[in-house]
Amino acid sequence: MIQITSNTTLPAARLNELRETAQQLETTFTTEMLKAAGLGKSVGGLNGGIGEEQFSSFRLEQHAAALVQAGGFGLTEALFQSLVRSEAQT
């Protein structure tokens, strides 16, 4: 993982906010990728009807969040670096 060097003038609290934003972006991206892969589709079995369909998005989001917390695809760090650079320039 690439770390921001100490030459940034952003306060630690702001860096934490930017990292959290980057994690949320990767979670959203991962959720959409899981949907596109068909992970949330019911394959029969439980036949939870409309309720199962409505709550499958929550389940997908939790799966995606767990993936990101475990390291994800590395997008969080790339997004974080970009956000820090962008904010430092303003």
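Start by selecting Glu-32, which is partly exposed, with a relative accessible area of 43%. Keep in mind that you're looking at a predicted model. Now add Lys-35 to the selection: Lys-35 is partly exposed too, at 39% relative accessible area. Show both side chains and you'll find a salt bridge between Glu-32 and Lys-35, with the closest N and O atoms 3.2 Å apart. Both residues sit in helix α1, and because they are three residues apart there, about one helical turn separates them.

**Zoom out**

Switch to cartoon for a moment. The protein has three helices and zero strands, so to speak an α-α-α run when you read from the N terminus on. Colour by burial if you like: 21% of the 90 residues count as buried.

**The salt bridges between α1 and α3**

How many salt bridges does a search of the whole structure find? Four. You've already visited the one between Glu-32 and Lys-35, so next select Arg-14 and Glu-87. Their side chains meet in a salt bridge of 2.6 Å, N to O. Arg-14 belongs to helix α1 and Glu-87 to helix α3, so this pair ties together parts that are 73 residues apart in sequence. Check the surface here: Arg-14 is partly exposed, with a relative accessible area of 29%, and Glu-87 is also partly exposed, at 24%.

Move on to Glu-77 and Arg-19, whose side chains meet in another salt bridge, 2.8 Å from N to O. Here again distant parts of the chain are linked, with Glu-77 in helix α3, Arg-19 in helix α1, and their positions 58 residues apart in sequence. Is Glu-77 buried or exposed? Buried, because its relative accessibility is 11% and buried means under 20%. Arg-19, on the other hand, comes out as partly exposed, with a relative accessible area of 21%.

Leave Arg-19 displayed and add Phe-80. The charged end of Arg-19 sits over the ring of Phe-80, 3.9 Å from the ring centre. So Arg-19 gives you two contacts to look at: the salt bridge with Glu-77 and the place over the Phe-80 ring.

**Into the core**

Phe-80 is a good way in. Select Leu-10, Leu-15, Leu-18, Ala-22, Phe-80 and Val-84, the six residues of the largest nonpolar core. Two elements, α1 (12-36) and α3, give two or more residues to this core. Which of the elements gives the most to this core? That's α1, with three residues.

From Leu-10, jump to Ala-88. The C-alpha atoms of these two are separated by 7.3 Å, although their positions lie 78 residues apart along the chain. Ala-88 lies in helix α3 and counts as partly exposed, at 49% relative accessibility.

**Over to α2**

Now select Phe-55 and Phe-58. Both lie in helix α2, three residues apart, about one turn of the helix. The structure holds one aromatic pair, and these two residues form it: a tilted arrangement, 5.5 Å centre to centre, with 40° between the planes. Turn on the surface and you'll see that Phe-55 and Phe-58 are both exposed.

Then find Leu-39, in the loop between α1 and α2. Leu-39 is partly exposed, with a relative accessible area of 44%. Draw a distance from its C-alpha to that of Ser-56: the two are 9.2 Å apart in space and 17 residues apart in sequence.

**Last stop: a surface patch**

Finish with Phe-29, Met-33, Phe-73 and Leu-75, which form a nonpolar patch on the surface. Together these residues have about 390 Å² of accessible area. Where is Phe-73 found? In the loop between α2 (49-69) and α3 (75-89). Phe-73 counts as exposed because its relative accessibility is 57%, and the cut-off for exposed is over 50%. Keep the surface on and rotate until the patch of Phe-29, Met-33, Phe-73 and Leu-75 faces you.

How values were computed:
Residues numbered from 1 in each chain as written. Predicted model: local features only at pLDDT ≥ 70, side-chain atom pairs only at ≥ 80, totals over all residues. Heavy atoms only, no water. Patch = residues over 30% accessible without salt bridge, like charges linked within 9 Å, V, L, I, M, F, W, Y side chains within 5 Å. Areas by Shrake-Rupley, 256 points an atom, 1.4 Å probe, with all protein chains shown as cover. Helix = DSSP H or I, 4+ residues; strand = E, 2+ residues; numbered from the N terminus. Buried < 20%, exposed > 50% of the residue type's maximum accessible area, 1.4 Å probe, protein only. Core = buried A, V, L, I, M, F, W, Y, C linked by side-chain atoms within 4.5 Å. Phe/Tyr/Trp six-rings, centres within 6.5 Å; stacked < 30°, edge-to-face > 60°. Lys NZ or Arg CZ within 6 Å of the ring centre and 35° of its normal.
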